Amino acid sequence: MGRINRSLSKLSKTVSNKTLSFAHRASDRNIRLAVTGLSGSGKTAFITGLVNQLLNAGLTGKSNNLPLWQVTRDERLYGVKRDLQPDLTVASFDYEFGMNALKQAVPQWPASTRNISELRLTLKYQPSQGILAKLTDSASLYLDIIDYPGEWLLDLPMLKQNYGQWSTAQELRKPIFAKSQYYLAFVGALESLELGANADEAELKHIAELYQEVLVDCVHQHGFYYAQPGRLLLPGEFAGSPVLAFFPLLNMSDETRADLENTQAESTYQVLKMRYKQYQDKVIKPFYKDYFSTFDRQLLLVDCFTPLNRGKEQFDDMTQALNGIMESFKFGQSNLLKRLFSPRIDKLLFAASKVDHITRDQQGNVLSLLTQLVKQSQRLAKFEGCEVETMAISAIKATQHGMIRSAKGEIEVVKGISLNDREPITLFPGEVPNSLPGSAFWESQGFGFTSFAPPNYTPQSDGADFEHIRLDHLLQFLLGDKLK
């Protein structure tokens, strides 16, 4: 009986949370902000820094670290606090873990995103316009921040392809795959695979693992970005499951493929086709339906500097990955009915991250470069009625700016602690191209982006724990219209 009562109590809490969430959305008091980006863009550090700024903002006598955010500039923000998240089936974003990593004697960047997570904040403020301003001195906006791997978004274009079409698309990536030390083993296993014979579970699992090693190696060792299926990079709850034990068939003629279409259901070819379809139905579609399609506003973090360091192939691959991600967003101006039953992203922000790692005179260049990178996607979003912005930001400023004398006169530099050897470093990283790089840039490779360690933590008696660059501008764009 006790177990039944506990189950009913848990069910009641779940229903109550969902009812409250529905009510908040119906009254336009809830915003679901999704944060994503490709590997290395700094999603976890960004959210940790943003939440730290928000929790330390408000009318409590603390210094205003967010002067361009109108609700703080007008001194109308009473404060921000953590609240219970509405969806109890999603992991909570571990803000405390991120802060503990940053506060260590030797500070560490928080661990990167491995799965979807969520965090709710309640922003209490004084309304200045509309009916709320006439009825009350205070109102609340419930902000849900959802963190999810950008690699999962790379799977969404797979919904438009059948198994054969997807295999053909992956074949075009053979020059990239061939850079991996695991590629020959994968190709050798493919060549020995009897596609018309009955499928062998152990063999499929082994070849899928070889393909996974190729993808992981291409991304983490060779600096590429576009990897499908994305769950082979970050499996999440599907780790070890047969739904991930599939791979593309390379070097296959149309005639061979047509013959294999007539093989029995238990054949290797038909099993691979079935698993691809199951991956679409059981992995991609539920993610899109349960999470992705519920977002109101989207922030896409972009690390422009690492691919500039790595080379033209990696930079072009990042551009292709960004375009692939953007094809999947649902854009459109939101209203009450849409917010409740068919949400659309009505504000989209592309943010170049880690701009504290370059000199201030280059920040305009990186903004211009980012605008060029996402021009196609930006045009599509605006056409569908979505408000789009690009910014250059840093949620946790790890460097300080300075000037040094050189043979060419005074030049601007950045100063910080190198992430590699933890030694102090002062440098000029180079000039960031203000448009898509041409052949001259790649021939000279004149850009030397360096990774910096987090700043040493110093307890603050007033305000947030870290400096930032343009988070106030970011908050004004994403939330300003809801806090009037």
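**Pockets, cavities and a few loop residues**

The largest share of the lining of the largest pocket comes from helix 2, which gives 4 residues. I start there because the pocket is the main topic today, and I should say at once that this is a predicted model. The pocket holds about 930 Å³ of space. It is lined by 37 residues, and the closest to its centre are S39, G40, S41, G42 and K354. Three elements give two or more residues to that lining: helix 2 at 43-55, helix 10 at 201-220 and helix 13 at 305-310.

By class, the pocket lining has 17 nonpolar, 13 polar and 7 charged residues. Which domains does the lining of the largest pocket draw on? At least three residues come from each of domain 1, which is 29-153 + 291-397 + 458-482, and domain 2, which is 156-290.

Next, the enclosed spaces. Rolling a probe the size of a water molecule over the atoms shows where empty space is left. With the cut-off at 30 Å³ or more, the count is 3 cavities. I will describe two of them.

The largest cavity has a volume of about 40 Å³. Its lining consists of L38, S39, S41, Y225, L301, V302, D303, M318 and L322. Strand 6 (297-302) and helix 14 (312-326) are the elements that give two or more residues to this lining. Sorted by class, the lining has 6 nonpolar, 2 polar and 1 charged residues. S39 and S41 are on this list, and both are also among the residues closest to the centre of the largest pocket.

For the second largest cavity, the volume is about 40 Å³. The residues around it are W152, D155, R231, Y279, V283, I284 and F287. Which element gives the most to the lining of the second largest cavity? That is helix 12, residues 268-290, with 4 residues. The class count here is 5 nonpolar, no polar and 2 charged residues.

Back to helix 14, since it came up with the largest cavity. It has 15 residues, and at 1.5 Å a residue these should span 21 Å; the end C-alpha atoms are 21 Å apart, so the two agree. Its buried residues are Q314, F315, D317, M318, T319, A321, L322, G324, I325 and M326. M318 and L322 appear in that buried set, and both also line the largest cavity.

Now the loops, beginning with three buried positions.

Q85 sits in the loop between strand 2 (77-83) and strand 3 (91-92). Is Q85 buried or exposed? Its relative accessible area is 10%, under the 20% cut-off, so Q85 is buried. The side chain of Q85 reaches the backbone oxygen of D87, at 2.8 Å.

P107 is in the loop between helix 4 (95-103) and strand 4 (117-125). With 3% relative accessibility, P107 also falls under the 20% limit and therefore counts as buried. P107 and N456 are 349 residues apart in sequence, yet their C-alpha atoms are 6.4 Å apart in space.

S394 belongs to the loop between strand 8 (387-392) and strand 9 (400-406). S394 is buried too, at a relative accessible area of 4%. How many residues separate S394 and G49 in sequence? The separation is 345 residues, while the C-alpha to C-alpha distance is 8.8 Å.

Last, some backbone geometry.

The peptide bond from Q228 to P229 is cis, with omega near -5 degrees. P229 lies in the loop between helix 10 and helix 11 (254-260). Helix 10 is also one of the elements that give two or more residues to the lining of the largest pocket.

Two residues other than glycine have a positive phi that I want to show. For E75, phi is near 55 degrees. E75 is placed in the loop between helix 3 (70-73) and strand 2. Its relative accessible area is 54%, over the 50% cut-off, so E75 is exposed.

For R422, phi is near 60 degrees. R422 is found in the loop between strand 10 (409-417) and strand 11 (424-427). What is the relative accessible area of R422? The value is 27%, which lies between the 20% and 50% cut-offs and makes R422 partly exposed.

To recap, the largest pocket has about 930 Å³ of space, and its lining draws on domain 1 and domain 2. The largest cavity takes two or more lining residues from each of strand 6 and helix 14. Among the loop residues, Q85 is buried, P107 is buried and S394 is buried, whereas E75 is exposed.

Note on methods:
Residues are numbered from 1 along each chain as its sequence is written. This is a predicted model: local features need pLDDT of at least 70, side-chain atom pairs count only at pLDDT 80 or more; totals for chains, interfaces and linings use all residues. Side-chain values use heavy atoms; hydrogens and water are left out. On a 1 Å grid over the protein atoms alone, a cavity is a set of points where a 1.4 Å probe fits but cannot get out, and a pocket is an open set with protein on both sides within 12 Å along at least five of seven lines; lining residues have an atom within 4 Å of a point. Grid points are joined across faces, edges and corners, and a volume is the space filled by probe spheres set on the points. Ala, Val, Leu, Ile, Met, Phe, Trp, Tyr, Cys and Pro count as nonpolar, Asp, Glu, Lys and Arg as charged, and the others, Gly among them, as polar. Buried means under 20% relative accessible area, exposed over 50%, partly exposed in between (1.4 Å probe, protein chains only). A polar contact is a pair of N or O atoms within 3.5 Å; within protein, one must be able to donate a hydrogen and the other to accept it, and residues adjacent in sequence count only if both atoms are side-chain atoms. The expected span of a helix is 1.5 Å times one less than its number of residues. Domain bounds come from an automatic or database domain assignment.
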